[in-house]
Amino acid sequence: LEELHVERFQLKEVLKILLHSIIFQRALGECRLRDVDSELFDISYVRCDSRLVEARVEEHAEAFSSAIERGARVSLAFFERRARQAAFGLFRSEERVVWERWTIPLVVVPNFAQLHRHMGGAQMPPGAHGAGRSTEADSQDEESRRRQASLEAVLRRRIEFILTVASGRREHIPPADGLGGEALWFEISTDADSWSGLDLLKQLLSSPPQLGSG
């Protein structure tokens, strides 16, 4: 996918939308769909109606949104489980063979309102502070809405691209019975090792998702 510029508060939701959209397109076998309205954007998307998939995506999106400081490439790899025979045929083990990989490049940009406050805002002439603050706030709100609408449009194009590519390339996909049954058939990673938050990232990735009952 092409590079996406997002503000920090948008990072987790952007990852959830794109990861779920890709995973659903590669959910072979039995997978019930679920239409979801984004919590942050005026966008609806489809994802697998699976608590295991939902928990894993939520876990990684949360971890990456804390670990990524300036930018990173998030990778989503799909793999097939294959039995591997050891020496003399005495023992058998399992290996994961990746058959498709998607990359989501992300760049974190400053929040417009915070950047404006950091720079001290606009200089107002004496006696005009009341009206100036109101005009300044309106300008910030308008810019925030413009940025939000722009990112929404980009996300819609990314979802359309995912659908087009996923539906057009299928000859390399293994049989559904090689995907591990109820086990996950994908893994999510990032190259964010150079950014802060790596300890949190490792902690979350090393813990299995906690699923509630029912």
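A residue counts as buried when its relative accessible area is under 20%. Cys48, at 3% relative accessibility, is therefore assigned to the buried class. Cys31, in contrast, has a relative accessible area of 28% and is therefore partly exposed. All such values refer to a predicted model. No disulfides were found in this model, the count being zero. Across the protein chain, buried residues account for 39% of the 214 residues.

The secondary structure of the protein chain consists of five helices and six strands. Read from the N terminus, the order of these elements is β-α-β-β-α-β-β-α-α-β-α. Strand E1 spans residues 4–7, and Leu4 belongs to this strand. With a relative accessibility of 2%, Leu4 falls under the 20% limit and is therefore classed as buried. The C-alpha atom of Leu4 lies 9.6 Å from that of Gly71, although 67 residues separate the two in sequence. Helix H2 covers residues 51–67, strand E4 covers residues 71–85, and helix H4 covers residues 129–168. Strand E6 is made up of residues 186–190.

Salt bridges number 16 in the structure. One of them lies in helix H2, where Glu59 and Arg56 are three residues apart, about one turn of the helix. The N to O distance between the side chains of Glu59 and Arg56 is 3.8 Å. This value is within the 4 Å allowed for a salt bridge, so the pair is counted. Glu59 has a relative accessible area of 12% and is therefore buried, despite being a partner in this salt bridge.

Helix H4 holds further examples. Arg145 and Glu142 form a salt bridge in which the closest N and O atoms are 3.0 Å apart. Because these two residues are three positions apart in helix H4, about one helical turn lies between Arg145 and Glu142. Glu142 is partly exposed, at 45% relative accessibility. A salt bridge also joins the side chains of Glu143 and Arg147, at 3.5 Å from N to O. Glu143 and Arg147 are four residues apart in helix H4, again about one turn of the helix. Arg147 has a relative accessible area of 25% and is partly exposed. Through salt bridges with shared partners, Glu143 and Arg147 are joined with Glu7 and Arg146 in one network.

Ala149 is another residue of helix H4. At 42% relative accessibility, Ala149 is partly exposed. The C-alpha atoms of Ala149 and Asp42 are 8.6 Å apart, while the two residues are separated by 107 residues along the chain.

The second largest pocket has a volume of about 200 Å³. Its lining includes Leu4 and Glu7, together with Arg147. Other lining residues are Glu3, His5, Val6, Gln10, Val109, Ser150, Leu151, Val154 and Arg158. Strand E1 and helix H4 each contribute at least two residues to this lining. Helix H4 makes the greatest contribution to the lining, with five residues. By class, five of the lining residues are nonpolar, three are polar and four are charged. Among the lining residues, Glu7 and Arg147 also belong to the salt-bridge network described above.

Aromatic pairs in the structure number three. One of these is formed by Phe78 and Phe186, with 6.5 Å between the ring centres and 65 degrees between the planes. The angle is over 60 degrees, so the pair is classed as edge-to-face. Phe78 lies in strand E4 and Phe186 in strand E6, so the contact ties together parts of the chain that are 108 residues apart in sequence. Phe78 and Phe186 are both buried. Ring pairs also bring Trp99 and Trp185 into a cluster with Phe78 and Phe186.

How values were computed. Residues are numbered from 1 along each chain as its sequence is written. This is a predicted model: local features need pLDDT of at least 70, side-chain atom pairs count only at pLDDT 80 or more; totals for chains, interfaces and linings use all residues. Side-chain values use heavy atoms; hydrogens and water are left out. A disulfide is a pair of cysteine sulfur atoms within 2.5 Å. Buried means under 20% relative accessible area, exposed over 50%, partly exposed in between (1.4 Å probe, protein chains only). On a 1 Å grid over the protein atoms alone, a cavity is a set of points where a 1.4 Å probe fits but cannot get out, and a pocket is an open set with protein on both sides within 12 Å along at least five of seven lines; lining residues have an atom within 4 Å of a point. Grid points are joined across faces, edges and corners, and a volume is the space filled by probe spheres set on the points. Ala, Val, Leu, Ile, Met, Phe, Trp, Tyr, Cys and Pro count as nonpolar, Asp, Glu, Lys and Arg as charged, and the others, Gly among them, as polar. Rings of Phe, Tyr and Trp (its six-membered ring) pair if their centres lie within 6.5 Å; planes under 30 degrees apart count as stacked, over 60 as edge-to-face and the rest as tilted.
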